[in-house]
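Trainee: I have a new structure open and would like to learn how to read it. Could you walk me through it?

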Amino acid sequence: MPDLPRDLAPRLAALAAGDRDVPRYTSYPTAPHFNPAHDDADWRNWLGAVPEQAPLSLYLHVPFCRSMCWYCGCATQIAKGDDAIGHYVDALLTEIALVAQYLPPQARVSQIHWGGGTPTILGAAGLQRVTDRLAGLFAFDPGIEIAVEVDPRRFDTDLARGFASCGVNRASLGVQSFDPLVQQAINRIQPFGDVQRSVGLLRQNGIASINFDILYGLPRQDEHSLADTIEQAMLLQPERLALFGYAHVPWMRAHQKRIDAAALPDHDLRLRQFLLAEAQLNRSGYASIGLDHFARAGDPLAVAAWSGRLHRNFQGYTTDGAGTLIGFGASAISQLPQGYIANLRGVAAWRRKIGTAALPVERMRALTPEDRMRGRIIEQLMCNLHVDLNAEAAQFGLDAQPLHDDLIALQPIAAAGFLTIEDGVVAVHPQGRLLLRQICSAFDSYLPRVNTIRHAAA
C-alpha cells in the first residue's frame, strides 16, 4: 500500500484549530435555513411559472426499508407490512397528478431518480404503476436517464425485468463494505455474491450503467479493509463509484446510537483511508470528480466534469442540467429557479395532506439574488474546483466586494498550499478536494462562525 505525501498531514494539522462542522452543500441555502410553509400557494405559483418545453428532473422518494442499517443518514423507516407500501404507492400516484395539473401539459422530463430508503421495496408492479402514471402525464425525452437505488440483498430476476420494462438505464448499488466485521458493526450483512448476482441480473436485462456507493470511516474499518472492498468492487467494473465518509450524527438519526463510537476511526485514519482509496481508484482508471465521486473515462459524469457541465443537487453530483427538479414522496425536496420546497416529512402527515387535494409542502425557501449568486459560487467550487468571483457577481448584477471580504477566511487554506487566490479567482488544488466543504463555507452567509447548527464533521 503506497505511502501518503509526507507533507500533507502537517499542512492539514495546521488548519485543524480553525476547523468546524459544515454542510455537504447539496443546496444553498441548506435545509436548516428553510422556513415553515403556511400553505401551498407559493408552490402552486412556482409550478405554474415553469416554461413550456423547459426540461424537468423528477425525484421519487421511497422512505421504507425492510431492516435498518445503523450507519444510514437517510429519511427512512421500517415498512410495517405490504399494506403500508401499497398505500404509499397510491398516495404517490395522487401527488403526481396533483403536481402535474399546475405544470404545462405533457411537460418534458429529462431525468428521473428513485431514492430512499429502498425504492425497490415497491416491487416490479409498484414501480410500473408509478412509471405508467408519469409517462401518462409527462413527455419523456428520447435520451431520458432513469436511475434507481438498489439494495443488492433483496434484488431478484423479477425486479431486474421490471427495471427493463420501466425503462431504467442506471442503477446505484449500496455496497458500503465487503468486510464481514464492518458489516456486522453497521448491521448490514451483504456478501460479495449478493452484489455480483445483482450486477449480473442488471446487465442481463440491459441496464449497463452501474454505480457503487462505498463508505469509509466506518466502525472497525481500516485501510486494508477499505482497500480490499475497493479491489473486490473493481472485479465488477462499475462505471461510477462514490466514496462517502460515514457521517456519525446520532443526534439526528437515533439508530446510529447502536454504533460503537469507540470503534470509529479517528480523524487521521479517516484521512488516510480516503487518500489511499482515491489513489487505488485512480490507478484503476477512475478519475476523481468533485468531492467524492469517481468515474471511468467516457462516462457521462466524467465528460461533464471535464467540459465544465457538472452539476450538484440533492442527489449529489449529476449531469442533469434541468433548471427545475420536482420531488415526490414524504420528505422529498424540490428545487426551482424561485427557491426550494420541502414536502412533509412524516408519511402519515404527507398522505393526509394529499388526501385533501393540497400539495404536501412543509417548508420552503424563496431565493434572493444574493442566494442565487452564492449558490452558484458554491456549486462551481464543488464541481469545478474553480470560480471567478468578479464574473459571478457581474452575472447577477451584484457588488463583488462582500465576496472579496469572504476570502479572508480562505487565507489559512491558501497559506497551507491547498488553493490559490488571484484577482478574485479561487482555484482549488487537487489535494484541496479534501477541504472543499470548508472552502465553500467561506461563501455561506447563513453559516454561523461558531457551531450552533450541528452538521457532520468535515
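Mentor: Happily; we will go from the overall fold to single strands, cysteines and backbone details. Keep in mind throughout that this is a predicted model.

Trainee: Let's start with the whole chain. How many helices and strands does the protein chain have?

Mentor: There are 16 helices and 20 strands in the protein chain. Along its principal axes, the C-alpha trace spans about 55 × 55 × 40 Å.

Trainee: What does the radius of gyration of the protein chain tell me about a compact globule?

Mentor: The idea is to set the value beside the one expected for the chain length. For 458 residues, a compact globule would have a radius of gyration near 23 Å, and the protein chain has 22 Å, so the two agree. Burial adds to that picture: 53% of the 458 residues count as buried. Contacts add another piece: among those with a separation of 6 or more, 72% are between residues 24 or more positions apart. As for the surface, the chain exposes about 19100 Å², with 52% supplied by carbon and sulfur atoms.

Trainee: Now a single strand. Why is strand β2 described as largely enclosed by the rest of the structure?

Mentor: Count its buried residues, taking buried as under 20% relative accessible area. In β2, residues 56–62, 7 of the 7 residues are buried, so the strand is largely enclosed by the rest of the structure. Then check each face. On one side L56, L58, L60 and V62 are buried, and on the other S57, Y59 and H61 are buried too.

Trainee: Which strands are joined to β2 by bridges?

Mentor: Strand β5 (residues 107–116) runs parallel to β2 and is joined to it by 7 bridges. Strand β14 (residues 324–328) also runs parallel to β2, with 5 bridges. To find these pairings on screen, look for S57 with its bridge partner Q111 in β5, and for Y59 opposite G327 in β14.

Trainee: Next, the cysteines. How many disulfides does a search of the whole structure find?

Mentor: A disulfide is a covalent bond between the sulfur atoms of two cysteines. Here the search finds 0 disulfides. C72 is in none, and its nearest cysteine sulfur, in C74, is 3.9 Å away; the cut-off for a disulfide is 2.5 Å. C72 counts as buried because its relative accessibility is 12%.

Trainee: And why is C166 without a bond to C65?

Mentor: The closest cysteine sulfur to that of C166 is the one in C65, and at 19 Å it is too far for a bond. C166 is buried as well, with a relative accessible area of 8%.

Trainee: Can we look at a helix residue? Which residues does T229 touch?

Mentor: T229 sits in helix α8 (residues 223–235) and is buried, at 1% relative accessible area. Leaving aside residues up to four places away in sequence, T229 touches V175, Q176, S177, F178, D179 and I214.

Trainee: Finally, the backbone. Where are cis peptide bonds found?

Mentor: Look at omega. The bond from Y28 to P29 is cis, with omega near -10 degrees, and P29 lies in the loop between α1 and β1. Another cis bond joins G116 and G117, with omega about 10 degrees; G117 is in the loop between β5 and α4.

Trainee: What about phi in Y25 and S331?

Mentor: Y25 is not a glycine, yet its phi is positive, near 55 degrees. Y25 lies in the loop between α1 and β1 and is buried at 3% relative accessibility. S331 has a positive phi of about 70 degrees, though it is not a glycine either. S331 is in the loop between β14 and β15, and at 18% relative accessibility S331 counts as buried.

Key:
Residues are numbered from 1 along each chain as its sequence is written. This is a predicted model: local features need pLDDT of at least 70, side-chain atom pairs count only at pLDDT 80 or more; totals for chains, interfaces and linings use all residues. Side-chain values use heavy atoms; hydrogens and water are left out. Buried means under 20% relative accessible area, exposed over 50%, partly exposed in between (1.4 Å probe, protein chains only). Helices (H or I, at least four residues) and strands (E, at least two) are DSSP runs, numbered from the N terminus. Two strands pair if DSSP finds at least two bridges between them. The radius of gyration is taken over C-alpha atoms; the globule rule is 2.2 Å times the number of residues to the power 0.38. Contact means heavy atoms within 4.5 Å. Accessible areas come from the Shrake-Rupley method with a 1.4 Å probe; for residues, only the protein chains shown count as cover.
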